[in-house]
Amino acid sequence: MNRVKNCTKDIFKALKIILIIPIVLITILYITCKPAYKVSIAGETIGFVMNKEILEEQINDYINSTDENIVSRQIDALPEYEFQLVSKNIETDENKIMSIIEKNTSTTYKAYAVNFNGEPKTIIANQDEANNLVNEVTADLNENIELNFDIVEVYTDKPSISSQEDAKKSLNEIKVEKITEYENKKAEEERIAKQEAERKAKEALEAKKAQEQAKQIQNTAINPNTWCLEIPKIGLKGNIANGTSAGVLNQFIGHFDETPRDSGNVGLAAHNNGHAVNYFANIKNLEANDVIYYTSNGVKKTYVVVSKDIIDVYDWSKLGATGDERVTLITCIDGNTEIRLCVQAVRVN
């Protein structure tokens, strides 16, 4: 009987120990561990959270963000969860894990580029803001200056939205550049116009002077056949006036002032092409012994051609004094300003 009692006591002791052990273990676990979810992406642990529902709600809010610049978000790989008892020393942080998930998310943003001549100059978040900015920058612009701004939707994976201050600065730089360009162009056009006006005024003054000189020469010119030159072979007959200025040669055969008029070597000049009168156009066709008539003070004298030469433009030796009476005719040669044609004729009667 005593054995039975002792056996019963031993059994109760054993049962008591068996019941105490789990309680002790549970107590130890409670003190040293905590329940959590291990979060992994593509097999790599990124942290622990206490409540996966909170994390999933954050992920859902992030993906479905209503920000007007976000078109879409795509998570490269969804997180996986595993419930565990972990050491209380292990930190749980939904925000930290959310930051890692955001880095593994592809985001497409919509914005509005303000282009100038097709080239993006600044990026604005809102279309109305872009319109207002362009209107503000161009509001006081001279109507003759064109700023070819246009607004275009752009999509990007990097948010590069300019602040209103920076965007306005960028567009104003273009505005200042175009204004400067316009003002420089206008100043150049005004300078050219002024030069042209001055040129025309000078030409008008010179024309007026030439007309006055021609008129003066005409008024003081000798009567026909009193001072003139005739060359029958080339059909030339023209009055002579003193001097070789443009005003004289535009109407008469000119007389070189430094040569005599009635005897000795009489020097005469005239145009041969491209002017109002071109008396010496055909003296190039004269040959030896061709007859020339020279009339001065009503006295008509006969000469015959003795030479026809090409001389340098600065060679005045042909106009020098001679021991006989002769006429020397000088004119230009077409296409060459460095030489002249010189024809000389000696008096025979």
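**Entry 1: the whole chain**

I started with burial: of the 349 residues in the protein, 32% are buried. I'm reminding myself that this is a predicted model. Next I looked up the secondary structure and found six helices and 15 strands. For the surface, I got an accessible area of about 22100 Å², and 50% of that belongs to carbon and sulfur atoms. I also checked how far apart in sequence the contact partners are. Counting contacts between residues at least 6 apart, 65% join residues at least 24 apart.

**Entry 2: the largest nonpolar core**

Which residues of the largest nonpolar core touch the most other members? I found Leu229, Leu268, Phe280, Ile292, Tyr294 and Leu329, in a core of 22 residues. Then I looked up which elements give two or more residues to this core: they are β8 (228–231), β9 (236–242), β11 (265–269), β12 (291–296), β13, β14 and β15 (336–347). β15 gives the most, with three residues.

I picked Leu229 for a closer look. Leaving out residues up to four places away in sequence, I listed what Leu229 touches: Leu236, Lys237, Gly238, Ile240, Ile253, Leu268, Phe280, Ile292, Tyr293, Tyr294 and Leu329. Apart from this core there is another one, with 15 residues, including Val134, Ile145, Ala167 and Ile174.

**Entry 3: the largest pocket**

On to pockets. The largest pocket holds about 210 Å³ of space. I counted 15 lining residues, and those nearest the centre are Phe256, Ala269, Trp316, Ile330 and Arg340. Which strand gives the most to this lining? That's β14, with three residues. Both β13 (299–312) and β14 (326–333) supply at least two residues each, and I had already met these two strands in my list for the largest core. Sorted by class, the lining has nine nonpolar, three polar and three charged residues.

**Entry 4: the second largest pocket**

I then moved to the second largest pocket, which has about 170 Å³ of space. Its lining is made of Phe116, Asn117, Asn144, Ile145, Glu146, Asn148, Lys178, Glu181, Tyr182 and Lys185. Where does the largest share of this lining come from? I traced four residues to helix α5 (residues 164–220). By class I noted four charged, three polar and three nonpolar residues.

One name turned up twice in my notes: Ile145 lines the second largest pocket, and Ile145 is also among the members of the 15-residue core.

How values were computed
Residues are numbered from 1 along each chain as its sequence is written. This is a predicted model: local features need pLDDT of at least 70, side-chain atom pairs count only at pLDDT 80 or more; totals for chains, interfaces and linings use all residues. Side-chain values use heavy atoms; hydrogens and water are left out. Buried means under 20% relative accessible area, exposed over 50%, partly exposed in between (1.4 Å probe, protein chains only). Contact means heavy atoms within 4.5 Å. Accessible areas come from the Shrake-Rupley method with a 1.4 Å probe; for residues, only the protein chains shown count as cover. On a 1 Å grid over the protein atoms alone, a cavity is a set of points where a 1.4 Å probe fits but cannot get out, and a pocket is an open set with protein on both sides within 12 Å along at least five of seven lines; lining residues have an atom within 4 Å of a point. Grid points are joined across faces, edges and corners, and a volume is the space filled by probe spheres set on the points. Ala, Val, Leu, Ile, Met, Phe, Trp, Tyr, Cys and Pro count as nonpolar, Asp, Glu, Lys and Arg as charged, and the others, Gly among them, as polar. A nonpolar core is a set of buried Ala, Val, Leu, Ile, Met, Phe, Trp, Tyr and Cys residues joined through side-chain atoms within 4.5 Å.
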